[in-house]
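Got your viewer open and a selection box ready? Here is a short walk through one chain, stop by stop.

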Amino acid sequence: MKRIGIDVGGTNTDAVLLADGKVVEGVKTATTADVTGGIVAAFEALKAVTDFGSGIDALMIGTTHFVNAVVQRRHLTKVAAIRVALPATAALPPFTGWPADLAELANGGVWQIEGGHDYDGRRFMPLEVSTARAIARQIRERGLKYVVVTAMFSPLDASDEEAIAAILREEIPGVSVTCSHLLGGIGLLERENAAILNASLIALAEETIRGFEAAKRKIGLSALLFVTQNDGTVAEASRAAAFPVYSFASGPTNSMRGAAYLSGIEEAIVVDVGGTTADFGHLRQGFPREANAVVHVGGVRTLFRMPDLISIGLGGGSRVDLANTTIGPGSVGYRLKEQALVFGGDTLTMTDIGVAAGLIDIGDRKRVAGLRAGDVDAVLQRAKEMIEENVDRVKADAGDVTLMAVGGGAFLVPESLQGVACVKRVDHGGCANAVGAAIAQVSGEVDQVFQGSTRNEAIAVARKLADGRAIEAGAGPETLIMVEAEDTPIAYLPGNAMRVRVKVVGDIKSKTPAETLSG
């Protein structure tokens with residue numbers, strides 16, 4: 001099987017060709033303001049240096065486009081938020097705790113009605129069906145097309161969210177409904193916030209996926225298109241467009257998966273040094289360790305499937321202040337080859353420091369010959385301290401660890417670091433993110449509370465549900481394996497209640513020739 005993996009970062013767009021499990025070639029091109037143009041350029045650069053032979057089976061793309069939209073407050077759509085929980089939770093309505101500027105962009109109106117379930121799965125209040133229909137008509141009259149429905153304890157019983165979604169689809173032609181139980185855990189506010197962010201990004205996600213498809217046609221590929229997810233797996237393009245929040249952290253996740261694949265090491269700390277940031281994460285069984293606590297995205301509290309990462313402003317494009325010996329967090333980003341000193345620009349970056357120190361040989365070294373050796377050493381010492389501090393923050397225990405250094409800025413990672421037993425570097429490590437995209441599998445996950453079952457029975461049911469979700473997402477049934485299974489007793493609930501979390505992964509299901517022809 002041949003695959004092309006492409007990762008669109010803030011500074012570079014990387015592409016690799018993978019054939020029969022081996023990296024044939026990798027290239028790195030500058031990201032463009034037009035994401036589609038950058039993908040086409042990366043593909044053409046790859047095609048220029050290698051022969052694709054008999055064709056490509058799948059195109060896997062990773063992008064930070066969606067989380068950037070939230071952080072930069074761009075391309076967001078107004079969302080109608082319906083909460084089903086009255087008379088509870090009224091004191092903390094939807095959009096509570098949001099930054100004012102972000103709420104202003106996303107808030108299309110808030111409605112709260114009676115309904116929902118209690119913490120033990122019993123009904124809290126009867127659902128107000130007639131009120132829900134009246135709300136749907138109000139939303140239609142306002143011209144809103146994106147709606148979020150959040151019911152109290154919907155991960156235990158999703159029937160109220162599904163009932164209101166059905167009413168909305170009857171009353172509003174073409175409406176897009178995001179039900180919160182499909183995204184988050186038990187916590188109402190965090191689940192609701194994740195669902196609102198998701199709904200506000202769907203229009204952008206659909207446009208972006210259309211752009212990816214257009215780029216695919218422009219380069220003459222008929223291969224299946226997949227988009228990488230936060231957990232190191234992929235989803236078919238249509239599913240990714242419906243759940244853009246699941247692609248928020250796919251960039252660093254791709255790097256970690258690629259690092260594990262290229263090195264054969266499944267337990268280590270990984271630092272991916274790009275053009276703008278250095279991302280630190282912990283590999284466990286070859287996958288990034290997932291966050292179990294609240295994650296803030298653009299200043300909003302969320303809790304859904306996200307890797308446990310630390311990102312700092314240290315990269316090849318980070319701006320350097322020699323007077324104060326500070327690095328970043330500002331970066332020249334994808335304008336590195338216009339603004340860095342070694343490329344003829346007038347901005348001192350970490351790439352210039354690396355060239356001056358002889359860590360990398362790119363651009364015109366004579367343009368940094370005037371930097372004093374003491375200043376260069378001081379900046380590199382500061383970078384070393386930043387790396388040591390953050391390796392320590394992601395450690396699971398106090399011992400020395402193996403650190404894998406990948407990404408285009410990995411030359412900034414010194415060989416000797418406190419708390420690190422050894423620093424590993426791998427061939428094609430500069431394009432580890434694109435490798436991670438190319439090797440990605442499809443996943444299915446269940447995070448649910450079970451009652452009245454033994455531990456083994458609950459895990460078996462969860463496994464079956466997770467298998468079904470993975471197959472629905474495009475995995476081949478015969479390839480599914482369980483990579484995580486956790487159970488936590490819940491003492492305050494009756495019936496031997498326990499929270500069970502199961503995750504399975506599998507290879508992308510190959511289409512038959514007839515399926516391929518029918519599209």
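A residue is called buried here when its relative accessible area is under 20%, exposed when it is over 50%, and partly exposed in between. Keep in mind as you click around that this is a predicted model.

**Stop one: helix H4**

Select residues 129-142, which make up helix H4. H4 has 14 residues and runs 20 Å from its first C-alpha to its last, close to the 20 Å expected at 1.5 Å a residue. Which residues of H4 are buried? Colour Ala132, Ile135, Ala136 and Ile139, and you have them. These residues span an arc of only 105 degrees around the axis, so they sit on the same side of H4.

Now spin to the face turned away from that buried side: Ser130 and Glu141 are the exposed residues there. To see what covers the buried residues of H4, show strand S5 (79-86), strand S6 (107-114), strand S7 (146-151) and H5, which are among the covering elements. Before leaving, click glycine 143, which follows H4 and has a positive phi, near 80 degrees.

**Stop two: from H4 to H5**

Side chains of opposite charge can pair when their charged atoms come close. For an example, select arginine 133 and glutamate 171: their side chains form a salt bridge, with N to O at 2.7 Å. Arginine 133 belongs to helix H4 and glutamate 171 to helix H5 (residues 159-171), so to speak a link between distant parts of the chain, 38 residues apart. Arginine 133 counts as partly exposed at 24% relative accessibility, while glutamate 171 is buried at 9%.

Widen the selection to Arg133, Arg137, Arg140, Glu170 and Glu171: salt bridges that share partners join these residues into one network.

**Stop three: around H6**

Next, pick glutamate 161 and arginine 191, a salt bridge whose closest N and O atoms are 3.7 Å apart. Here glutamate 161 comes from helix H5 and arginine 191 from helix H6 (residues 188-218), with their positions 30 residues apart in the chain. Are these two buried or exposed? Both glutamate 161 and arginine 191 are buried.

Stay on H6 and select glutamate 190 with arginine 301, where the side chains meet in a salt bridge at 2.6 Å, N to O. This pair links helix H6 to strand S15 (residues 300-302), 111 residues apart. Glutamate 190 is buried, at 12% relative accessibility, and arginine 301 is partly exposed, at 39%. How many salt bridges turn up in a search of the whole structure? The search finds 23.

**Stop four: the aromatic rings**

A pair of aromatic rings is described by the distance of the centres and the angle of the planes. The count for this model is 2 aromatic pairs. Show phenylalanine 95 and tryptophan 98 to see an edge-to-face pair, 4.9 Å centre to centre with 65 degrees between the planes. Both phenylalanine 95 and tryptophan 98 are buried.

Then move to phenylalanine 243 and tyrosine 246, whose ring centres are 6.0 Å apart and whose planes meet at 35 degrees, so this pair is tilted. Phenylalanine 243 and tyrosine 246 are buried too.

**Last stop: the cysteines**

Finish with cysteine 179 and cysteine 422. Cysteine 179 is buried, with a relative accessible area of 7%, whereas cysteine 422 is partly exposed at 29%. How many disulfides does the model have? The count comes to 0.

Note on methods. Residues are numbered from 1 along each chain as its sequence is written. This is a predicted model: local features need pLDDT of at least 70, side-chain atom pairs count only at pLDDT 80 or more; totals for chains, interfaces and linings use all residues. Side-chain values use heavy atoms; hydrogens and water are left out. A disulfide is a pair of cysteine sulfur atoms within 2.5 Å. Buried means under 20% relative accessible area, exposed over 50%, partly exposed in between (1.4 Å probe, protein chains only). A salt bridge is a side-chain nitrogen of Lys or Arg within 4 Å of a carboxyl oxygen of Asp or Glu. Helices (H or I, at least four residues) and strands (E, at least two) are DSSP runs, numbered from the N terminus. The expected span of a helix is 1.5 Å times one less than its number of residues. The arc is that of the directions from the helix axis to the C-beta atoms. Contact means heavy atoms within 4.5 Å. Rings of Phe, Tyr and Trp (its six-membered ring) pair if their centres lie within 6.5 Å; planes under 30 degrees apart count as stacked, over 60 as edge-to-face and the rest as tilted.
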